[in-house]
Amino acid sequence: MQFVNAIHPGFGRAVLALIPAVVFCLMAQTAAAEIGRFVGHYVGSAEVIYSDGTTRPRDMSVTIEKTKKGFSVKWTTTTYKTRDRIKEATYEINFVPTDREGVFAAAMKRNVFGHETQLDPMHGEPYVWARIDADTLTVFSLFVNDSGGYELQQFDRTLAPGGLDLKFTRTANGKETRTTEVFLEKN
């Protein structure tokens with residue numbers, strides 16, 4: 001720092017102040033490079049297997065996009081409960097890099113300072129995060145119920161020729177309650 005301050009007094013403080021911004025930019029660039037392989041829109045259909053052995057047809061789609069600070073994942077599921085009863089649900093979550101390589105925090109709400117933050121599982125909201133490990137993008141959602149039990153949903157989306165292999169698992173208090181595996185074709 002003595003050399004830096006010798007150039008101009010206060011220059012060292014300015015350089016130190018810039019370091020967090022530079023680190024954040026590098027993290028965002030790394031995240032963009034990692035997610036780039038997954039970007040696209042994918043669709044498919046599957047038979048969902050429940051813990052009691054019953055199955056139901058389900059259509060699924062997912063769109064993965066780069067954002068300014070990281071990436072977003074938007075997915076829709078259409079469940080055919082009976083001939084006349086169809087349930088459709090759509091979710092979209094933005095993710096930002098963390099200081100851990102390949103691990104991303106969900107940016108689901110803004111705090112009082114305007115920063116994107118996680119939801120609070122102690123208030124019935126899901127705690128969501130993502131990771132990229134080799135060719136698999138995984139999104140985790142942790143829910144804590146009123147009695148203190150938990151549910152963990154895991155969406156593994158693995159790159160495959162022509163699309164993604166999706167494996168969904170729901171675990172409640174250590175017991176697997178639902179699984180789905182399907183190929184999602186890239187459109």
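Starting at the N terminus, the elements of this protein run α-α-β-β-β-β-β-β-β-β-β-β-β-β. That gives two helices and twelve strands. Please keep in mind that this is a predicted model. The notes below start with the whole chain and then turn to strand β8 and its partners.

**The whole chain**
- The protein has 187 residues, and 35% of them count as buried.
- Its accessible surface comes to about 11,500 Å², with 54% of that belonging to carbon and sulfur atoms.
- If you take the contacts with a separation of 6 or more, 31% of them join residues that are 24 or more positions apart.

**The two faces of β8**
- In a regular strand, side chains alternate between the two faces of the sheet.
- Strand β8, residues 127-133, has side chains that alternate in this way.
- V128, A130 and I132 point to one face and are buried.
- Y127, W129, R131 and D133 point to the other face and are not buried.

**The partners of β8**
- Strand β5 (residues 103-106) pairs with β8 in the antiparallel sense, over three bridges.
- In β8, W129 has A105 standing opposite, and W129 is one of the residues on the face that is not buried.
- Strand β9 (residues 136-144) also pairs with β8 in the antiparallel sense, here over seven bridges.
- I132, one of the buried residues of β8, stands opposite L137 in β9.

**The turn between β8 and β9**
- β8 and β9 form a hairpin, with two residues between them.
- Have a look at A134 in this turn, where phi is positive at about 60°.

How values were computed: Residues numbered from 1 in each chain as written. Predicted model: local features only at pLDDT ≥ 70, side-chain atom pairs only at ≥ 80, totals over all residues. Heavy atoms only, no water. Helix = DSSP H or I, 4+ residues; strand = E, 2+ residues; numbered from the N terminus. Buried < 20%, exposed > 50% of the residue type's maximum accessible area, 1.4 Å probe, protein only. Contact = heavy atoms within 4.5 Å. Areas by Shrake-Rupley, 256 points an atom, 1.4 Å probe, with all protein chains shown as cover. Pairing = 2+ DSSP bridges.
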